[in-house]
Amino acid sequence: MYTSNLLEKINNDLLSLKAAGKFKVERLLQGPQGPVVKLGGRDILLFASNNYLGLANHPEVVEAATKALKKYGYGLSSVRFICGTQEIHQELEQKLAKWLGVEDVILYSTCFMANLGFFATLCNEKLGSEKHVDAIYSDALNHASIIDALKLAKKELVDKKTYAHANISELTKLLDGDKNKDLRHRFIVTDGVFSMEGDLAPLPELIKVASEYQALLFVDDSHGVGVLGKIGSGTPEELGVRGQVDVLAGTLGKALGGAVGGYIGGKQTVIDLLRQKSRTYVFSNSLPPHVVSATIKVLDLLEQDKTLLRRVRQNSDYFREKIIELGFKTLPGNHPIIPIMIGDAKLTQIMSQKLLEEGLYVVGLWFPVVPEGKARLRIQISAAHSQEQLDKALAILKKVGKELKLI
Ligand SMILES: Cc1ncc(COP(=O)(O)O)c(C=O)c1O
């Protein structure tokens, strides 16, 4: 039973979140996801979504999902190894593997689950050794799902270390410091694209370091897949190292249709092990068939036509250039995540509110989501944004930026 004491404590915690301006408000969309959304009865330009290719409400993707609902039903009421695998689950895994340039892929219900499943399995399992300690070297700006995944790897079995963001020399120093330790396996883990900055991990250098120190390189490319590279396979392709990353994790919940789903891709033996022992896979329901079929359609669309990939890049380049021309501070990059650096948290909150009043929805980020004093607006560009919508968003940013004396 809830004691009044517990409820009171919870309530106080919620109140303190509100007092600190950290309380998350969920805005109600009155319709589907797209470059324009209905919010409070108004049409608002949406520049805050991971719908990079505009496929979240694409007619062919919706049609594929609808057909699959009719053919395969709504759900499987089961985990994969009991009665939760249909032909389409295997078809999607094989398609993803081919596209990513890895031997095999295993689907999870989300990428968060995939990350939890990977490290808990690889680090906690004995894998033939009586006693062991593994070491994990993690980029300081890695996503929450990686941070939590490392917590699930047992403390006594894993030595966890953080290196400063994208800092190869600091990573090398840590690896050097551990050179004579009796470690079983070493793992280097990084996001492919960092979601607060829109910058890419230095994968070619990381691959070199991983090979030099006999470490396994794990890259979560959730924001890279369906965006970067000529075929859209992500950050490794963009940086010329497709097929050279040991393990790739990713989400189906952003560019690749935006529903739910995640995966791990890598060597056949690793994927085989995960299918046997990864608890977030073995003991959790399989992906619903309509999501699986719609993702197959997304991969087919990407294979047949590169227009959306080109369009998201052109839109992003255009927007970044104009933001700089207007006099806003941003960070260098070529990804559709375009931060506008403001610094002050309060000013960022005021700006995002004013932008919304003018009809532009972007997200403001401040401490503790980003470092203190580095508050920013995060703009996210989509292939679905028309030229008119891009220019309208820029005009709103200009108006509000001038009003607040930011430009
Ligand atoms: C790098 C990274 N990994 C994992 C996730 C979580 O993905 P999912 O929604 O599939 O759990 C995200 C989403 O924000 C992400 O940015």
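Colleague: Before the ligand, what makes a residue near a molecule here?

Modeller: A residue is near a molecule if its C-beta atom, placed from the backbone, lies within 6 Å of it. Bear in mind that this is a predicted model.

Colleague: Fine. Which residues around the ligand come nearest?

Modeller: T110, C111, F112, H143 and T251 come nearest, out of 13 residues around the ligand.

Colleague: And by class, what does the shell around the ligand have?

Modeller: Nine polar residues, two charged and two nonpolar.

Colleague: Switching to helices. At what angle do α4 and α12 pack?

Modeller: Helix α4, residues 87–100, and helix α12, residues 289–304, pack at about 30°, and their axes are 9 Å apart.

Colleague: Left-handed or right-handed crossing?

Modeller: α4 passes α12 in a left-handed crossing.

Colleague: Which residues make the contact?

Modeller: From α4, I88, H89, E91, L92, K95 and W99. From α12, P289, V292, S293, T295, I296 and L299. By class, the residues of this contact are seven nonpolar, three polar and two charged.

Colleague: Now sheets. What is the order in the one with β1?

Modeller: The order is β1-β2-β11, an open sheet of three strands with mixed pairing.

Colleague: Why is one side of β1 and of β11 left without a neighbour?

Modeller: β1 (36–39) and β11 (360–361) stand at the edges and each has a single partner strand, so one side of each has no neighbour in the sheet.

Colleague: How many bridges between β1 and β2?

Modeller: Four, with β1 and β2 (residues 42–46) paired in the antiparallel sense. As a register point, V36 stands opposite L45 in β2.

Colleague: What about the sheet with β10, parallel or antiparallel?

Modeller: Antiparallel: three strands form an open sheet in the order β10-β13-β12. β10 (337–343) and β12 (363–365) are at the edges with a single partner strand each, so each has one side without a neighbour in the sheet. On average, neighbouring strands of this sheet are turned by 25° against each other, direction ignored.

Colleague: How many bridges join β10 to β13?

Modeller: Six, and the two strands run antiparallel; β13 covers residues 375–380. I338 stands opposite I379 in β13.

Colleague: Which helix packs on that sheet, touching β10 and β13?

Modeller: Helix α13, residues 307–326, and its direction makes about 20° with that of β10.

Colleague: And where does α14 lie?

Modeller: Helix α14, residues 345–358, lies across β10, β12 and β13. α14 runs at about 35° to β13.

Note on methods: Residues numbered from 1 in each chain as written. Predicted model: local features only at pLDDT ≥ 70, side-chain atom pairs only at ≥ 80, totals over all residues. Nonpolar A, V, L, I, M, F, W, Y, C, P; charged D, E, K, R; others polar. Axes fitted to C-alpha atoms, helices over the stretch in contact; angles between N-to-C directions. Left-handed = near helix turned anticlockwise from the far one by under 90°. Contact = placed C-beta atoms within 7 Å. Pairing = 2+ DSSP bridges.
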